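Please open the structure in your viewer and keep the selection panel at hand. The stops below go from one selection to the next, with a short account of what is found at each.

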Amino acid sequence: MLIDLHTHSSVSDGTETPAELMLTARAAGLDVVALTDHDTTDGWAAAQDARPAGLTVVPGMELSCRWFPDDQPPISVHLLAYLFDPDSPALSAERARLREERLSRGERIVEALAADGYPVLWAEIVEASAGGVVGRPHVARALVRAGVVESVDAAFATLLHHRSPYYVTKADTDVRQGIALVRAAGGVPVFAHGLATKRGRVVGDDAVAAMAEAGLLGLEVDHPDHSDEERRHLRGLAADLGLIVTGSSDYHGSNKTTPIGVCATDPAQFEALVAAGTGAAPFRD
Ligand code: AMP
Ligand code: FE
Ligand code: FE
Ligand code: ZN
């Protein structure tokens with residue numbers, strides 16, 4: 001059983017449509033794939049329609065959140081959410097707010113770049129996103145198209161880095177509120193790539209314990225951005241806190257070099273996750 005519980009389609013910042021992503025998952029030999037676009041469920045129906053026989057599809061999302069430490073600025077954290085009711089009004093309103101926030105923040109980044117002479121246009125970036133949830137990868141691709149940088153990776157390493165003068169933060173959801181919203185919608189909240197230091201500051205064990213207290217149900221342990229030591233630490237935390245352990249690729253199509261299925265989830269952990277989700281059912285034979 002090959003189970004990958006974290007992938008992105010062109011509905012957010014991946015490069016394949018949900019239908020293409022289903023074929024990629026099948027071709028890579030996956031038995032289970034979760035579609036977890038940023039702040040939207042827009043890809044669920046297309047994934048369900050395109051699902052090849054034998055592939056189980058877990059409807060999900062990656063919610064943009066923040067942790068507020070006592071003594072430091074907020075830390076960006078990503079919350080995976082699975083099998084929640086897509087029509088839950090409170091969660092639906094919050095993800096709509098996040099998408100609006102992404103638009104105004106993306107525009108500010110692009111205007112600042114343009115003001116300094118970089119040939120990027122917000123209207124063109126929005127058009128190229130084809131209705132998908134806009135993120136820095138869309139700006140990165142525009143910088144590649146304009147010949148400013150060689151690759152999406154190079155854009156993230158320079159102009160779009162979180163310490164770049166062009167970086168603008170977003171007013172993401174307080175993660176404890178995010179967890180409560182997902183649980184209220186019958187979903188399963190899992191803390192995504194929690195110790196990925198290459199992405200910026202990460203939270204301490206106190207924050208993970210507080211999230212568990214707030215209703216968190218799982219930790220993404222095996223992730224391409226985690227070192228062996230980070231995985232070992234998270235696995236220990238999950239055991240201490242009684243949390244489900246997942247492993248996933250965080251596939252983004254050609255926006256990242258990571259292949260689908262490169263990290264995977266243990267079948268027993270997957271069964272525990274499915275048993276905990278009551279807001280939606282997996283799409284399967
Ligand atoms: P944003 O949500 O707009 O702040 O952009 C962050 C997104 O960019 C996350 O979904 C990451 O997966 C993605 N990302 C981060 N670093 C890179 C990179 N080097 N190349 C491509 N995508 C990246
Ligand atoms: Fe992403
Ligand atoms: Fe993420
Ligand atoms: Zn992701």
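Helices (H or I, at least four residues) and strands (E, at least two) are DSSP runs, numbered from the N terminus. This is a predicted model, in which local features need pLDDT of at least 70 and side-chain atom pairs count only at pLDDT 80 or more, while totals for chains, interfaces and linings use all residues. Residues are numbered from 1 along each chain as its sequence is written, chains are lettered from A and ligands numbered from 1 in the order in which they are written, and side-chain values use heavy atoms, with hydrogens and water left out.

**Stop 1: a loop residue**

Select A130, which sits in the loop between α4 (122–128) and α5 (136–145). Its phi is near 50°, a positive value in a residue other than glycine. Most residues other than glycine have a negative phi. A130 is exposed, at a relative accessible area of 70%; here buried means under 20% relative accessible area, exposed over 50%, and partly exposed in between (1.4 Å probe, protein chains only).

**Stop 2: the zinc ion**

Select ligand 4, the zinc ion, together with its protein donors H6 (NE2), H8 (NE2), E62 (OE) and D250 (OD), which lie 2.0 to 2.3 Å from the ion. Donors are N, O and S atoms within 2.8 Å of the metal (3.2 Å for Na, K and Ca), and because water is not among the atoms, sites may look incomplete. Along the sequence these donor residues follow the spacing H-x1-H-x53-E-x187-D.

The angles among the four donor atoms run from 77 to 168°, and the site is irregular. Four donors count as tetrahedral if all angles lie between 85 and 135 degrees; four count as square planar and six as octahedral if opposite donors are over 155 degrees apart and all others between 65 and 115; anything else is irregular.

Colour the donors by accessibility, and H6 is buried at 0%, while H8 is buried at 1%. D250, in the loop between β8 and α10, is buried as well, with a relative accessible area of 2%, and this residue has a positive phi of about 60° although it is not a glycine.

**Stop 3: the iron ions**

Move to ligand 2, an iron ion that is 4.4 Å from the zinc ion (ligand 4) and 5.5 Å from the iron ion that is ligand 3. Which residues coordinate the iron ion (ligand 2)? The coordinating atoms are D13 (OD), D13 (OD), H38 (NE2) and H252 (NE2), at 2.1 to 2.7 Å, and the spacing of these donors along the chain is D-x24-H-x213-H. The pair of histidines links distant parts of the chain, with H38 in the loop between β2 (32–35) and α2 (44–50) and H252 in the loop between β8 (244–247) and α10 (267–276), 214 residues apart. H38 counts as buried at 6% relative accessibility, and H252 is buried at 4%.

**Stop 4: ligand 1**

Keep H38 selected and add ligand 1, which is surrounded by 14 residues, the closest being H38, R105, R136, D153 and K256; a residue is near a molecule if one of its heavy atoms lies within 4 Å of it. A polar side-chain atom of H38 lies 2.7 Å from an oxygen atom of ligand 1, and a polar side-chain atom of R105 lies 2.8 Å from an oxygen atom of the ligand. R136 takes part through a backbone N or O atom, which lies 2.8 Å from an oxygen atom of ligand 1. Taken alone, ligand 1 exposes 500 Å², of which the protein buries 88%; accessible areas come from the Shrake-Rupley method with a 1.4 Å probe, and for residues only the protein chains shown count as cover.

**Stop 5: salt bridges**

The structure holds 12 salt bridges, a salt bridge being a side-chain nitrogen of Lys or Arg within 4 Å of a carboxyl oxygen of Asp or Glu. Select E94 and R97, whose side chains meet in one of them (2.9 Å, N to O). The two residues are three apart in helix α3 (residues 89–115), and are therefore separated by about one helical turn. E94 is buried at 9%, whereas R97 is partly exposed at 33%.

Next select D225 and K198, a salt bridge whose closest N and O atoms are 3.5 Å apart. D225 counts as buried at 16% relative accessibility, and K198 counts as exposed at 63%. To finish, add R199, D250 and K256 to this selection: K198, R199, D225, D250 and K256 are linked in a network of salt bridges.

Methods:
Polar contact = N/O pair within 3.5 Å; in protein donor to acceptor, adjacent residues only side chain to side chain.
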